[in-house]
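Let's walk through this structure together, starting at the ligand and working outwards. Keep the 3D view open as you read.

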Amino acid sequence: THFGFRDVPLGEKQTLVNDVFHSVASRYDLMNDLMSGGLHRVWKDIMINTLNPPKSDAPFALLDVAGGTGDISFRAAKRAGSGFHATVCDINGDMLEVGRQRALKQYLDDKVSFVEGNAEKLAFPDRSFDAYTIAFGIRNVPQIELALAEAHRVLKHGGRFLCLEFSTVEMPGLDKLYDLFSFNVIPQLGRAVTGDAESYRYLVESIRQFPRPSAYAEMISAAGFSRVSWQTLSGGIVALHSGWRL
Ligand code: SAM
């Protein structure tokens with residue numbers, strides 16, 4: 001069956017996305033490892049190295065949007081100093097609940113808090129965070145421009161925006177392999193582990209729809225960010241974008 005994601009009206013896209021993550025929340029962390037062969041850990045570590053949160057007691061507030069089960073925030077909290085605090089913001093209460101349980105288990109519940117919210121309309125004051133991260137989240141947001149404007153609004157001057165997202169594989173050879181993997185292996189794996197192939201078909205489709213790194217960089221600049229740059233990882237499977245509120 002073809003997943004007609006392209007034809008979904010903007011207003012219904014979020015409902016679709018919410019269903020996807022509702023259906024996979026309890027198996028989400030396991031699926032990440034299976035689908036990426038553990039590579040998502042490497043990509044997330046690169047994001048945290050780039051973020052480089054201070055190891056001192058200097059206050060540092062991170063907002064981790066579409067933070068889901070908390071991976072990015074936990075990784076940052078573990079290498080940061082005592083002044084660090086992360087707020088995981090996600091539209092899906094089920095994903096956040098898994099995150100809260102993980103925080104308790106890792107004794108990180110004082111360093112990482114969980115808040116339900118929409119990336120397109122954040123309930124935080126202007127200029128309240130030192131950094132904003134969004135990992136594998138922006139492509140799920142129906143109106144990317146709104147999310148970028150909100151990211152800019154809530155960052156302090158000198159604050160940093162970092163976005164990790166699936167990108168476009170253009171390496172000859174790898175692209176064919178990647179297509180095979182995306183359209184066959186991923187939905188099958190999704191069916192086997194979560195009983196839900198359709199959700200994973202949506203995920204693959206949403207990756208295909210996402211703008212190229214250069215076009216996305218232009219959107220970040222248009223939202224007001226300075227010194228916008230990006231790097232591609234693993235042959236373009238993933239891109240890491242960076243920008244500053246100056
Ligand atoms: N950042 C986590 C990670 O890297 O493991 C989770 C990424 S998960 C692929 C995408 C997340 O985006 C889901 O938890 C979903 O609920 C969230 N999401 C989708 N639309 C959103 C929105 N409009 N605002 C905030 N979060 C959203």
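Around the ligand, the shell of residues is made up of 11 nonpolar, seven polar and three charged ones. Bear in mind as you look that this is a predicted model. Which residues come nearest to the ligand? Of the 21 around it, they are Ala-66, Gly-68, Asn-92, Ala-119 and Ala-135. Two elements, α1 (10-24) and α4 (71-79), each give two or more residues to this shell. The largest share, three residues, belongs to α1.

Both helices deserve a visit. In α1 you will find Thr-15, which counts as exposed because it has 11 C-beta neighbours inside 10 Å, and 12 or fewer is the cut-off for that class. If you want a sense of distance, compare Thr-15 with Val-238: they are 223 residues apart along the chain, and 25 Å separates their C-alpha atoms.

Is α4 enclosed or not by the rest of the structure? Seven of its nine residues are buried, so α4 is largely enclosed. The buried residues in α4 are Asp-71, Ile-72, Ser-73, Phe-74, Arg-75, Ala-76 and Ala-77. You can trace what they pack against: the helices α3 (39-51) and α5 (93-105), together with β1 (60-65), β2 (84-90), β3 (112-116) and β4.

One of those buried residues, Ala-76, leads us on to the largest nonpolar core, which has 63 residues. In soluble globular proteins, nonpolar side chains tend to be buried together. Within this core, Ala-76 is among the residues that touch the most other members, along with Met-47, Tyr-132, Phe-161 and Leu-164. Strand β5 (residues 155-166) supplies the largest share of the core, six residues. Try selecting Met-47 next. Leaving aside residues up to four places away in sequence, Met-47 touches Ile-72, Thr-133, Ala-135, Leu-162, Leu-164 and Leu-240. Two names on that list have appeared already: Ile-72 is one of the buried residues of α4, and Ala-135 is among the residues that come nearest to the ligand.

Now follow β5 into its surroundings. Nine of its 12 residues are buried, so β5 is largely enclosed by the rest of the structure. How do β5 and its partner strands run? With β4 (residues 129-135), β5 runs parallel, and six bridges join the two. Here you can see Ala-131 standing opposite Arg-160 in β5. With β7, β5 runs antiparallel, this time joined by eight bridges. Phe-166 has Val-238 in β7 as its bridge partner.

Strand β7 (residues 238-245) is itself largely enclosed by the rest of the structure, because six of its eight residues are buried. It also pairs with strand β6 (residues 226-233) in the antiparallel sense, over six bridges. Look for Leu-233, which stands opposite Val-238 in β7. Val-238 thus gives you a handy landmark, since Phe-166 has it as bridge partner too. The hairpin of β6 and β7 has four residues between the strands, and Ser-234 takes a positive phi near 50 degrees there.

Two further residues with positive phi are worth a stop. Phe-136, although not a glycine, has a positive phi of about 55 degrees. You will find Phe-136 in the loop between β4 and α6 (144-154). Is Phe-136 buried or exposed? It has 22 C-beta neighbours inside 10 Å, so Phe-136 counts as buried. Arg-227 is likewise not a glycine, and its positive phi is about 45 degrees. This residue has its place in strand β6. With 10 other C-beta atoms within 10 Å, Arg-227 is exposed.

Finally, step back to view the whole chain. The protein chain contains nine helices and seven strands, and buried residues make up 39% of its 246 residues. Among contacts between residues at least 6 apart in sequence, 73% join residues at least 24 apart. The C-alpha trace spans about 50 × 40 × 35 Å along its principal axes. What radius of gyration does the protein chain have, and how does that agree with a compact globule? A compact globule of 246 residues would have a radius of gyration near 18 Å, and the protein chain has 17 Å, which agrees.

Definitions and conventions
Residues are numbered from 1 along each chain as its sequence is written. This is a predicted model: local features need pLDDT of at least 70, side-chain atom pairs count only at pLDDT 80 or more; totals for chains, interfaces and linings use all residues. A residue is near a molecule or strand if its C-beta atom, placed from the backbone, lies within 6 Å of it. Ala, Val, Leu, Ile, Met, Phe, Trp, Tyr, Cys and Pro count as nonpolar, Asp, Glu, Lys and Arg as charged, and the others, Gly among them, as polar. A nonpolar core is a set of buried Ala, Val, Leu, Ile, Met, Phe, Trp, Tyr and Cys residues joined through C-beta atoms within 7 Å. A residue is buried if 20 or more other C-beta atoms lie within 10 Å of its own, exposed if 12 or fewer, and partly exposed in between; C-beta atoms are placed from the backbone. Two residues are in contact if their C-beta atoms, placed from the backbone, lie within 7 Å. The radius of gyration is taken over C-alpha atoms; the globule rule is 2.2 Å times the number of residues to the power 0.38. Two strands pair if DSSP finds at least two bridges between them.
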